[in-house]
Amino acid sequence: MTKFNLKIVSSDGVFYEGPCESLVIPAADGEYGIQADHEPMVIGIYIGSLRYKNDDGWKTVVTGQGYARVDSNGTVLVVDTAERPEDVDENRARAAAERAKEKMSLQSSKKSYYQGKLAMTRAMARLNAKKGNKLVGK
C-alpha cells in the first residue's frame with residue numbers, strides 16, 4: 001500500500017513523525033479516513049482517539065482539540081495533547097471525570113458548565129482509549 005508522511009505535533013513537541021498507510025481522525029461530524037494522495041483539506045480535530053497504521057500495525061493516540069492539514073503527500077496534525085493509551089493513568093482520568101461531573105452539576109455559569117463538559121469529554125476519551133474502545137460520546 002502507498003504511504004504518506006504523518007506528523008503529529010502536540011504542545012509537548014513532536015509526538016510522531018514517520019510513514020503512514022492509513023489515518024482515522026476524530027472530528028465533530030464523525031471520523032475522517034486519510035490515505036496517500038488524499039485531496040488537500042483542513043480538518044478540525046475533536047477530542048478522542050485517532051488511529052494510524054504504519055509498518056508496526058495500527059496505533060491509537062488519545063488527542064485533544066486541534067486541526068489536521070492534509071495534502072497529497074503528507075498530513076500534519078497539530079493538537080493540544082497527544083498520548084498513548086498505555087500512558088493514560090486510569091485513576092487520574094476517573095478522578096478528572098468525577099471533578100468534571102461535579103462542575104457540570106453545579107451550573108454556576110454557562111462558562112463553568114461548558115468547561116466541565118469539555119473536561120468530561122477529555123476524561124472519557126482517555127478512559128475509552130485505555131479500555132480499547134474507539135468511540136467517544138459527545
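Contact here means heavy atoms within 4.5 Å. With that in mind, welcome to a tour of this predicted model.

**Figure 1. The whole chain, with its 2 helices and 10 strands.** Among contacts between residues at least 6 apart in sequence, 50% join residues at least 24 apart. Reading along the sequence, you meet the pattern β-β-β-β-β-β-β-β-β-β-α-α. The radius of gyration is 16 Å, close to the 14 Å that the globule rule gives for 138 residues, so the chain is as compact as a globular protein of that length. Along the principal axes, the C-alpha atoms fill a box of roughly 50 × 30 × 25 Å. Of the 138 residues, 41% are buried. The accessible surface comes to about 7900 Å², and carbon and sulfur atoms account for 47% of that area.

**Figure 2. An open sheet of 5 strands.** Follow the strands across in the order E4-E3-E6-E7-E10, and you will find antiparallel pairing. What stands at the edges of this sheet? Strand E4 (30–35) and strand E10 (82–83) do, each with a single partner strand, so one side of each is left without a neighbour in the sheet. Strands of a sheet pair through backbone hydrogen bonds, either parallel or antiparallel. Strand E3, residues 22–27, is joined to E4 by 6 bridges, and the two run antiparallel. To find your place in this pair, look for Leu23, which stands opposite Ile34 in E4.

**Figure 3. Strand E1 and its two faces.** In a regular strand the side chains alternate between the two faces of the sheet. Along E1, the side chains of Phe4, Leu6, Ile8 and Ser10 point to one face and are buried. Those of Asn5, Lys7 and Val9 point to the other face and are not buried. Take a moment with Ser10, which lies in strand E1 and counts as buried at 10% relative accessibility. Leaving aside neighbours within four places in sequence, Ser10 is in contact with Val79, Asp80, Thr81 and Ala82.

**Figure 4. The partners of strand E1, namely E2 and E9.** E1 and E2 run antiparallel and are joined by 7 bridges. A hairpin of 2 residues links E1 to E2. Within this pair, Phe4 has Cys20 in E2 as its bridge partner. How do E1 and E9 pair, in the parallel or the antiparallel sense? They pair in the parallel sense, over 5 bridges. Here the bridge partner of Ile8 is Leu77 in E9.

**Figure 5. The largest nonpolar core, with 21 residues.** In soluble globular proteins, nonpolar side chains tend to be buried together. The residues with the most contacts inside this core are Leu6, Ile8, Leu23, Tyr52 and Leu77. Two or more residues each come from strand E1 (4–10), strand E2 (13–20), E3, strand E5 (41–45), E6, strand E8 (66–71) and strand E9 (74–79). A second, separate core has 5 residues, including Ala100, Met104, Met120 and Ala123. Back in the largest core, Leu6 is a good residue to explore. Beyond its neighbours within four places in sequence, Leu6 is in contact with Tyr16, Glu17, Gly18, Cys20, Leu23, Tyr52, Thr75 and Leu77.

**Figure 6. Asn54, a buried residue in strand E6.** Strand E6 covers residues 48–54 and includes Asn54. The relative accessibility of Asn54 is 9%; buried means under 20%, so this residue counts as buried. Its side chain makes a polar contact with the side chain of Tyr16, at 3.3 Å. Not counting residues up to four places away in sequence, Asn54 touches Tyr16, Pro19, Glu21 and Lys59.

**Figure 7. Two exposed residues, Asp37 and Lys111.** Asp37 lies in the loop between E4 and E5. With a relative accessible area of 60%, Asp37 is exposed. Most residues other than glycine have a negative phi. Asp37 is not a glycine, yet has a positive phi of about 65°. Turn next to helix H2, residues 110–131, where Lys111 lies. Lys111 is exposed too, with a relative accessible area of 61%. The C-alpha atoms of Lys111 and Val42 are separated by 28 Å, and these residues are 69 apart along the chain.

Notes:
Residues are numbered from 1 along each chain as its sequence is written. This is a predicted model: local features need pLDDT of at least 70, side-chain atom pairs count only at pLDDT 80 or more; totals for chains, interfaces and linings use all residues. Side-chain values use heavy atoms; hydrogens and water are left out. Two strands pair if DSSP finds at least two bridges between them. Helices (H or I, at least four residues) and strands (E, at least two) are DSSP runs, numbered from the N terminus. Buried means under 20% relative accessible area, exposed over 50%, partly exposed in between (1.4 Å probe, protein chains only). A polar contact is a pair of N or O atoms within 3.5 Å; within protein, one must be able to donate a hydrogen and the other to accept it, and residues adjacent in sequence count only if both atoms are side-chain atoms. The radius of gyration is taken over C-alpha atoms; the globule rule is 2.2 Å times the number of residues to the power 0.38. Accessible areas come from the Shrake-Rupley method with a 1.4 Å probe; for residues, only the protein chains shown count as cover. A nonpolar core is a set of buried Ala, Val, Leu, Ile, Met, Phe, Trp, Tyr and Cys residues joined through side-chain atoms within 4.5 Å.
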